[in-house]
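Here is a short report on the pockets of one protein and on the ligand shown with it. Look over the sequence and the model first.

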Amino acid sequence: EDAERAAHFQARIDADDRIEPNDWMPAAYRKTLTRQISQHAHSEIVGMLPEGNWITRAPTLRRKAALLAKVQDECGHGLYLYAAAETLGSSREELVDLMLSGKAKYSSIFNYPTPTWADIGAIGWLVDGAAIMNQIPLCRCSYGPYARAMIRVCKEESFHQRQGYEIMLTLARGTEEQKAMAQNALDRWWWPCLMMFGPPDQLSQHSDQSTQWKIKRFSNDDLRQKFIDATVPQAHYLGLTIPDADLKWNEASGHWDYGAIDWNEFKQVLSGNGPCNRDRIAARRKAHEEGAWVREAAAAYSEKQQARRTA
Ligand code: ACO
């Protein structure tokens, strides 16, 4: 009977039907979506930290207002995503605890530091640019709540990308020092951004199944290539140099060829040894502990309301 259900489920996916929370689904589908959506949620929340670092030091009031709004958006994205993950049956507390105990992953990219203001430009331009490339196809993912959350998230990411590019443009047209700061940020963020798309296709353990289930619509390498093709002309427009001596336009394929990615660095960051892994987890744990009174107050209030209703 299970085989019959699984076949029916796959037929619905093949017909581009949306799967909703109360529909039957294979346990492995539920598991991989819970994994991916919760990792995505953790990334949004941890992703507030590198940029939050510059809120008090943004160079103008206008820059500060935009950065504050952006960091708040990331928090909102984390909350929609936890809500989407909860529709699959795991509680938010459970998921957050897995992140705080270091058992659940979040994006490798947020383990890099933001020493200069240009990093805020580079994150918006490159990190959010890479995030959009990966997330636009997720708007058509087979799981309804995830796909719908992605629509709003992508609209906001596109504002984030533009504010980042505009910071880079201002710096690139500024003094020699400002231009050097922009180039230095690009030098540090370029390769880690390429790693955001995940391991090369032949090493991506979840890709085949996730593609069959239409959670993934493009492979890790395909999205990485799309990102490079879109970003190289933007770097040229800024007058900045991409730190890859092997980057070359390939007339025959119509794509940019690029150099070898240091997958050992990626492995190190995933196993907790990136430049900021420890700081990021420590900051999240501290925030979680300091927020305990808010959760307790909300629970007490809800109990009181409940008691009044049943009295
Ligand atoms: N950082 C951390 N872990 C990663 C990364 C990365 N950049 N890329 C891949 N991984 C992990 C996978 O989560 C998986 O780990 P797990 O088995 O312990 O869960 C493992 O490496 C193997 O990778 P894949 O088999 O390729 O995994 P998957 O099919 O899930 O593809 C991808 C990875 C593309 C990141 C996918 O999960 C995805 O699209 N996620 C949603 C987008 C997202 O999370 N974005 C976060 C950054 S954007 C932002 O927050 C602004």
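## Make-up of the main pocket

The lining of the largest pocket divides into 21 nonpolar, 16 polar and 11 charged residues. That lining counts 48 residues. The pocket has a volume of about 1300 Å³. The model is predicted.

Which residues lie nearest the centre of the largest pocket? They are Gln39, Met196, Phe197, Gly198 and Pro199.

## Helices around the main pocket

Several elements each supply at least two residues of this lining: α2 (27-46), α4 (61-86), α6 (118-135), α7 (144-172), α10 (220-238) and α11 (263-273). The largest share comes from α6, with 7 residues.

## The ligand and its shell

Where does the ligand sit? The space it takes is the largest pocket. Around the ligand are 29 residues. Gln39, Lys105, Ser204, His206 and Lys216 come nearest. Gln39 thus appears twice: it is also among the residues nearest the centre of the largest pocket.

The shell around the ligand divides into 11 nonpolar, 13 polar and 5 charged residues. α2, α6, α7 and α11 each supply at least two residues of this shell. Which element gives the most to the shell? It is α2, with 6 residues. In the lining of the largest pocket, by contrast, the largest share belongs to α6.

## Polar contacts of the ligand

Both nitrogen and oxygen atoms of the ligand have polar partners in the protein. A ligand nitrogen is 3.4 Å from an N or O atom in the side chain of Gln36. A nitrogen atom of the ligand also lies 3.4 Å from a polar backbone atom of Met195. On the oxygen side, a ligand atom is 2.9 Å from an N or O atom in the side chain of Asn220.

How much of the ligand does the protein cover? On its own, the ligand has 960 Å² of accessible area, and the protein covers 91% of this.

## The second pocket

The second largest pocket has a volume of about 350 Å³. It is lined by 14 residues. Closest to its centre are Arg92, Val96, Arg284, His288 and Arg295.

The elements giving two or more residues to this lining are α4, α5 (92-100) and α12 (277-290). α5 gives the most, with 6 residues. The lining of the second largest pocket divides into 8 nonpolar, 1 polar and 5 charged residues. α4 also supplies at least two residues of the lining of the largest pocket.

Conventions
Residues are numbered from 1 along each chain as its sequence is written. This is a predicted model: local features need pLDDT of at least 70, side-chain atom pairs count only at pLDDT 80 or more; totals for chains, interfaces and linings use all residues. Side-chain values use heavy atoms; hydrogens and water are left out. On a 1 Å grid over the protein atoms alone, a cavity is a set of points where a 1.4 Å probe fits but cannot get out, and a pocket is an open set with protein on both sides within 12 Å along at least five of seven lines; lining residues have an atom within 4 Å of a point. Grid points are joined across faces, edges and corners, and a volume is the space filled by probe spheres set on the points. Helices (H or I, at least four residues) and strands (E, at least two) are DSSP runs, numbered from the N terminus. Ala, Val, Leu, Ile, Met, Phe, Trp, Tyr, Cys and Pro count as nonpolar, Asp, Glu, Lys and Arg as charged, and the others, Gly among them, as polar. A residue is near a molecule or strand if one of its heavy atoms lies within 4 Å of it. A polar contact is a pair of N or O atoms within 3.5 Å; within protein, one must be able to donate a hydrogen and the other to accept it, and residues adjacent in sequence count only if both atoms are side-chain atoms. Accessible areas come from the Shrake-Rupley method with a 1.4 Å probe; for residues, only the protein chains shown count as cover. A molecule sits in a cavity or pocket if more than half of its atoms lie within 2 Å of its grid points.
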